[in-house]
Amino acid sequence: MLELRTKKHLMDGSAKTKVKKKKPYSKYFRENLEYILMVAPGFILTFIFSYIPMFGIIVAFKNIDYKKGIFGSPWNGFENFKFLFQFPDVKIIVRNTIGYNLVFIVLGIVVPVTFAIILSQIRNKLASKFYQTVMFLPYFLSWIIVSYIVYAFLAYDLGLVNKVILAPLGIDPVDWYGKPEYWPFIIILLHTWKTAGYSTVVYLAAITGIDHELYEAASIDGATKRQQTFCITIPSISTIIIIMLILAIGKILSADFGLFFNVPLEQGRLLPVTNVIDTFVFRALRINGDIAMSSAAGLLKSVIGFFLVMVTNKIVKRYDESKALY
Amino acid sequence: MKKANTISKFNQISSFTNAVYHFIFIIVTICCLYPVLLVIGISFTEEDSLKTFGYSVIPKVISFESYAYVLRNSATILNAYKVTIFVTIVGTILSVAGTALYAYAISRKEFRYRKFFTFFKFFTMLFSGGLVPWYLVCTRLLRINDTIWALILPPLISAWNVIIMKTFFATTVPDSIVESARIDGASEFTTFIRIVCPISLPGLATIGLFVTLSYWNDYWTPLMLTSKPNLANIQLYLYNILKNIQMLQDTTNVISQQASGEAIKRLPQEGARMAICVLAIGPIIFAYPFFQKYFIQGLTIGAVKG
Amino acid sequence: MKVKMKIWTIFLILILSVGLSACNNKAVNKKEDEETYQIDWYLVTSQVPVPSAQEAVEKVANEYLKDKLNVTLKMHYLDWSAYYQKINVMIAGNEKFDICFTHSNTFKINAAKNAYLPLNDLIDKYAPKTKEMLGEEFLKGSQINGINYGLPANKDKGSHFGVLYRKDLAEKYNLLEQLNAVKDMNDIYPILDVIKENEPNIYPLKEGGAYSVATLLDFDVIVFPGAFYPDAEDGKVVNYVETPEYMEAAKITRRNQLAGYNRKGDVNVNNNEDYFMAFATLKPGKDKEVSASRKYEYVQIDLTTPRMRSKDTIGSLMAISTTCKRPEKAMQFLELFNTDKYLNNLIVYGLEGVNYTKINENIVRPIPDSGYGNAGMQWIFGNTFINYLVEGEDPDKYKKIEEYNKKLKKSDALGFSFDSEPVKAELGACQNIYDEYNGVISRGLEDPEIVIPQYIEKLKRAGSDKIIAEMQRQYDEWVVKHGK
């Protein structure tokens, strides 16, 4: 590829570079060059597939005319952003999005970390492996399939919950799809169920990397298992936990579309608790689909998310530089 | 010197705690396994009995009609599986290699530009130019559309994976190892391949698993970038069938209103959807156990002392 | 540092090359023949043809076309799932293609954004026969500001609403005569009561989503929430949610739900078999079509006046892209396709003996899994009247549709196309409110006296009055310019 050749040339070139400064620098160059070679493939691919397309951000500020193409279309300032703010219930949408995401972030760390720790401590390794594999299964089911399964549970007449659990107890059947108050719990439960397995893998891998001599030494010193967990395990994986936290905060305005749109089966009465920014945009653009408007929505989310990450990263840096994102 | 799976007896958790843990996970297992079994069960159930009896894990009336419907084009499906397997394997290898290299470089404090490259990658997680420019780059600039590379290259190096891998490298690889290797005159590459990678197997396995899954599940990239049927991977093929079912069933849809009996007649609806799900995920479930052995049994840190 | 400089240089080079190629409008794939022009035709299907089978059909078609028009045809069939996403991305990326199928909202949106060529002159010059078949008003219906951006397909040109009921149950309780005598919904309720009493597992009437008693009000909807009254002479745009008729209909639906006609507390899941009767969009022979695809036989009752409205004129169109190099060739091809029975059926059904067997002069039986064939999708192709009938269809189908077309009541608003740009934010907001309330009201899940006022209030806060005012303004302008 063009770039590698250039860099190879570089490598040759710098071997001949006059050493203007102290000796270590030639070695320093060589090290850094090797590093640069290492990042080269990723850099090139990222540049091509992520940075070059970024010119598309201008679409958010244009009134697109296909005859003129993206570059030729006229600018229209912030017109495309207006629809995001003119919805009377926009506060509810934002509340839903951020509210759910905050809960997801907390649970998305507490639950997988706990599971990973438990799994690493269970005595029977075979059982542990089995549990891990099984925990991963929900990740494979698409939200559409999950929506059918949820319906099988919550349908008014034939649903398992009403028929098999409530009826024998003499409780009247509940119109689940008509009662928004239950759905925050249902959604949070489903989200955790589906994603816990995936995140647990990350933490499990991190725990595996901890030096076991530390545990040995601690137990010899009389530390209980509990103390070991809190003083060794958790601090050792704290970096990865914090990184995952920061990344999640960056995504705080996004939502898992399948969960919020498909699972509630588009029931209108649930909208006040299931409409999030992404579903709102989708609905708004259904009739008037306009790539500029969806581009505007995406841009706004990106900017806010970016800002939040920067702030969080700065805060983390203040406590411990090594744990920050960059 | 201690392997991770033989914790010496006196440092184990108490039996009571162990039992509690098992109890928790048995419940978790039921919650996770039951829906999957349900899906499998429905896929083998006769369509009409679904309407009468509802869903159940053990079909009231067994039927293979859903699979027959979905699998009727066996040649196409075989090809789709071939495509998927090729893309997944090649993609995973290339991706893990590329990601690990990038992540390792930016995890080294000696690398002067690490901040730049970290930010460079991270920025793309939040900002994106959108679908159309990406499409233009792939088709106009690179001309990879309708080639197998269209399925492999675009998602190759994901920022998420890079950052996770970097964190793994930074936390699990002690500087002393790298230092000692450098003093011994090893180049960075050698250090990386011979010493760092073996230690980081859990992290590499994690990324490997995620990448494998993401390639396997990807229907979007072939949808957008290929139109030749022989480049369709299994997810795209199944997605098409699913969409057809949905289109024809949605009675508010103009399409369904206009379509005549012929098009609608042959659909076993619910069962087909579940069969599609089973076919889509079936093979890849075995990927997890494959990677799993690297989580529980990572190679030891004994190498440091060695 | 030298290294840093090199990095930035590479950056700049790459950015420059991007700038150049992004402005580049080169054609993507084939070289163009100076002589024979290739037409790239994008079509949607539910079963993508096997490439070899499709090529076989194209080969025969191209021999024919070369003689007649000196063009070759390359068809691109895309699945429903991919179709609009692909087409929209291609359009946004200015890719070269000639003709594509399009319909309803996507058509309007893309046309408004100049994705398609204006066709008025092309139609006059190269497609006079098609123009005659379609008729002035039908063509007018899909215009935007007087310009045609798509060539509609010649088929049923309008529609009406009514109900479909299960024949077997009707026979069981000797209700057929009564049903045949039905004039409006009030005649139907007693019949539904009979079913309710005698069949505990069958729900008498399905209501929900887009179909309920309110559908029979037959509002001519522009874009939610603006609509015209069906037979209005005054050209007044109203918010149909605010109308007293809507409230009345909603109350009836509520009564139906409470009476147990509809599945209780249910979600709009597609379980059609459990219902005796359901609302539907109808045309002649609809019941036979539906019966062919379901387990039971259905009969239809027509309840509203058959009308031709704007939405009926954009049900199926062929558009010519602005990136087409020889639009006159494309239009000539469409004219030929719409009038030449041989070519038309070749493309719709494939090769005789290979993709279908001919039963007689006009009836065919498609061969399953032959790799090519569009049975069931004839309506996307330009002229269904010259298609062969599929075995099992009503032999008088075409006659009936032609009569139906002649008798359609034409809406005054045919040809008016609303430009949503000035109020697109309000429209987007109203869509979300629609999603919140429409399902509930059309299923009778809550008391309309409580819910509809909330609905209206939210719509107003989202700017519905502004929308109505804008629609009225544009309509009045259009009437002055293009008249009735």
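## Strands, domains and contacts in a predicted model

In chain C, strand β5 (residues 160–166) and strand β10 (residues 275–282) run antiparallel and are joined by six bridges. This is a predicted model, in which local features need pLDDT of at least 70 and side-chain atom pairs count only at pLDDT 80 or more, while totals for chains, interfaces and linings use all residues. Residues are numbered from 1 along each chain as its sequence is written, and chains are lettered from A and ligands numbered from 1 in the order in which they are written.

Helices (H or I, at least four residues) and strands (E, at least two) are DSSP runs, numbered from the N terminus, and two strands pair if DSSP finds at least two bridges between them. Within the pairing of β5(C) and β10(C), Gly162(C) stands opposite Ala280(C). β5(C) is also joined, by five bridges, to strand β11 (residues 298–302) of chain C, and these two run antiparallel; here Val163(C) has Ile301(C) as its bridge partner. Six of the seven residues of β5(C) are buried, and the strand is mostly covered, where a residue counts as buried if 20 or more other C-beta atoms, placed from the backbone, lie within 10 Å of its own, as exposed if 12 or fewer do, and as partly exposed in between.

Two open sheets of chain C can be described through their strand order. One has five strands in the order β2-β1-β3-β13-β4, with mixed pairing. β2 (71–79) and β4 (151–152) of chain C stand at its edges, and because each has a single partner strand, one side of each is left without a neighbour in the sheet. Another open sheet has three strands in the order β7-β8-β9, with antiparallel pairing, and its edge strands, β7 (220–223) and β9 (238–239) of chain C, each pair on one side only. Two pairings from these sheets are set out below.

| Strands of chain C | Bridges | Sense | A bridge pair |
|---|---|---|---|
| β4(C) and β13(C) (residues 317–320) | two bridges | antiparallel | Pro152(C) and Leu317(C) |
| β8(C) (residues 226–228) and β9(C) | two bridges | antiparallel | Gly226(C) and Asn239(C) |

Taken as a whole, chain C has 19 helices and 17 strands. Its radius of gyration, taken over C-alpha atoms, is 26 Å, close to the 23 Å that the globule rule gives for 484 residues, so chain C is as compact as a globular protein of that length; the rule is 2.2 Å times the number of residues to the power 0.38. The C-alpha trace of chain C spans about 80 × 70 × 55 Å along its principal axes, and 47% of the 484 residues are buried.

In chain A, domain 1 covers 2–61 and domain 2 covers 86–323, with bounds that come from an automatic or database domain assignment. Their C-alpha centres lie 38 Å apart, and the contact between them takes four residues from domain 1 and five residues from domain 2, two residues being in contact if their C-beta atoms, placed from the backbone, lie within 7 Å.

Between chains, the contact takes 82 residues from chain B and 72 residues from chain A. On the side of chain B, helix α1 (residues 15–43) gives the most, with 13 residues. Chain B also contains helix α8 (residues 159–172), which has 14 residues and reaches 20 Å from its first C-alpha to its last, close to the 20 Å expected at 1.5 Å a residue, a span reckoned as 1.5 Å times one less than the number of residues. α8(B) is mostly covered, with 13 of its 14 residues buried.
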